Amino acid sequence: MFQTITCHKDAGICIITINRPEKLNALNKEVITELSSSLEEAIYDVSVKSILITGAGEKAFVAGADISEFASLDKDGGKMLAQKGQESVFNRIENSPKPIIAAVNGFAFGGGCELAMACHFRVASTKAKFGQPEVNLGLIPGYGGTQRLTQLVGKGKAMELMMTGTFIDANTALQWRLVNEVTEPDVLMDRCKEILQVIQTKAPLAISKVIELTNMAAAGNPRGYETEIAAFGELFGTEDKVEGAEAFLEKRKPVFKGA
């Protein structure tokens with residue numbers, strides 16, 4: 001079905017792999033289109049509880065955008081490229097009601113770093129490297145990188161990484177809080193699945209609200225507190241709240257239905 005990505009399900013997890021290892025999984029128009037379609041399918045598929053995004057091969061998660069597509073673009077074309085990518089893929093990932101983890105197995109440069117940052121959190125292998133080197137092309141990050149990098153690592157570190165165009169390794173990314181955890185390459189996928197399987201035992205509606213409200217906080221939305229109050233009350237009207245309370249009192253594990 002897809003030409004540049006692969007998708008398969010494993011215990012409720014939809015694993016989306018950018019599959020252009022010969023191009024270090026660089027993002028082009030086709031990848032963006034197929035990522036958009038696969039995300040939409042996974043989010044609306046009731047059998048999918050969570051999503052894992054990674055890159056094919058041992059070298060790269062996504063080593064950036066496919067620069068060959070930039071040559072023919074003028075300022076309007078550049079704007080449209082960024083807008084389509086943000087709206088159809090990066091914002092969709094960030095605002096997904098289902099948890100999405102990035103398993104960063106290698107280079108995550110430019111659009112690859114932005115793709116990882118759009119995910120709800122990131123686990124990196126020891127071989128991973130991160131960077132936003134767009135200034136070397138006379139450009140800036142266009143898929144939300146200036147915003148999400150600043151949210152994650154703070155203004156000073158974000159400025160440094162984007163203005164120097166240099167790369168950082170996985171351990172530095174961990175120190176900077178760009179990633180949540182660093183693992184050996186051979187256990188990266190298993191570790192990500194393990195985390196998602198824990199999350200999948202929790203109440204889906206509550207997880208969705210955690211994502212929504214945390215995104216509001218990260219964006220500095222002043223309505224975060226009042227939205228939290230409304231969401232807290234809303235969840236009291238769910239079957240999952242009843243099940244969670246009863247399971248706690250009965251000293252058993254809850255079985256949530258997302259209702």
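How many bridges join strand 4 to strand 6, and in which sense do the two strands run? In this predicted model, strand 4 and strand 6 (residues 107-109) are joined by two bridges and run parallel. One of the residues involved is V62, whose bridge partner in strand 6 is A108.

**Overall form**

The protein chain contains 10 helices and 10 strands. Its radius of gyration is 19 Å, close to the 18 Å that the globule rule gives for 259 residues, so the chain is as compact as a globular protein of that length. The C-alpha trace spans about 60 × 40 × 35 Å along its principal axes. Of the 259 residues in the chain, 45% are buried. Among contacts between residues at least 6 apart in sequence, 68% join residues at least 24 apart.

**The two sheets**

Strand 4 and strand 6 belong to an open sheet of four strands, ordered 4-6-8-9, with mixed pairing. The edges of this sheet are strand 4 (60-62) and strand 9 (167-169), each of which pairs on one side only. Neighbouring strands here are turned by 20° against each other on average, direction ignored.

The other sheet described here is also open and has six strands in the order 1-2-3-5-7-10, again with mixed pairing. Strand 1 (5-10) and strand 10 (181-183) stand at its edges; each has a single partner strand, so one side of each is left without a neighbour in the sheet. The average turn between neighbouring strands of the six-stranded sheet is 20°, direction ignored. Strands of a sheet pair through backbone hydrogen bonds, in either the parallel or the antiparallel sense.

Within the six-stranded sheet, strand 2 pairs with strand 3 (residues 50-55) in the parallel sense, over six bridges. I16 stands opposite I53 in strand 3, and I18 stands opposite G55 in strand 3. Six of the six residues of strand 3 are buried, so this strand is largely enclosed by the rest of the structure. Both of its faces are covered: S50, L52 and T54 are buried on one side, and I51, I53 and G55 are buried on the other.

**Nonpolar cores**

The largest nonpolar core has 45 residues, and those with the most contacts inside it are I51, I53, F61, I93, V104, L115 and F130. Helix 1 gives the most to this core, with six residues. A second, separate core has 14 residues, including I13, I15, L188 and L196.

F130 is one of the residues with the most contacts inside the largest core. Leaving out residues up to four places away in sequence, F130 touches V104, A108, F109, C113, A124, T166, F167, I168, A170, A173, L178 and V179. A108, one of these contacts, is also the bridge partner of V62.

**The loop around N25**

N25 is placed in the loop between strand 2 (13-18) and helix 1 (29-44). With a relative accessibility of 0%, N25 counts as buried. The side chain of N25 has polar contacts with two backbone oxygens, listed below.

| Side chain | Backbone oxygen | Distance |
|---|---|---|
| N25 | A60 | 2.9 Å |
| N25 | F61 | 3.2 Å |

Not counting residues up to four places away in sequence, N25 touches I18, N19, R20, G55, A56, A60, F61 and V62. These contacts include I18 and G55, which stand opposite each other in strand 2 and strand 3. They also include A60, F61 and V62, the residues that make up strand 4 (60-62). F61, whose backbone oxygen lies 3.2 Å from a polar atom of the N25 side chain, is among the residues with the most contacts inside the largest nonpolar core.

**Positive phi values**

Most residues other than glycine have a negative phi. L24 departs from this, with a positive phi near 55°. L24 lies in the loop between strand 2 and helix 1. At 28% relative accessibility, L24 counts as partly exposed, whereas N25 counts as buried at 0%.

R177 likewise has a positive phi, about 70°, although it is not a glycine. R177 is found in the loop between helix 6 (170-175) and strand 10. With a relative accessible area of 67%, R177 is exposed.

Technical notes
Residues numbered from 1 in each chain as written. Predicted model: local features only at pLDDT ≥ 70, side-chain atom pairs only at ≥ 80, totals over all residues. Heavy atoms only, no water. Buried < 20%, exposed > 50% of the residue type's maximum accessible area, 1.4 Å probe, protein only. Polar contact = N/O pair within 3.5 Å; in protein donor to acceptor, adjacent residues only side chain to side chain. Contact = heavy atoms within 4.5 Å. Core = buried A, V, L, I, M, F, W, Y, C linked by side-chain atoms within 4.5 Å. Pairing = 2+ DSSP bridges. Axes fitted to C-alpha atoms, helices over the stretch in contact; angles between N-to-C directions. Rg over C-alpha atoms; globule rule 2.2 N^0.38 Å.
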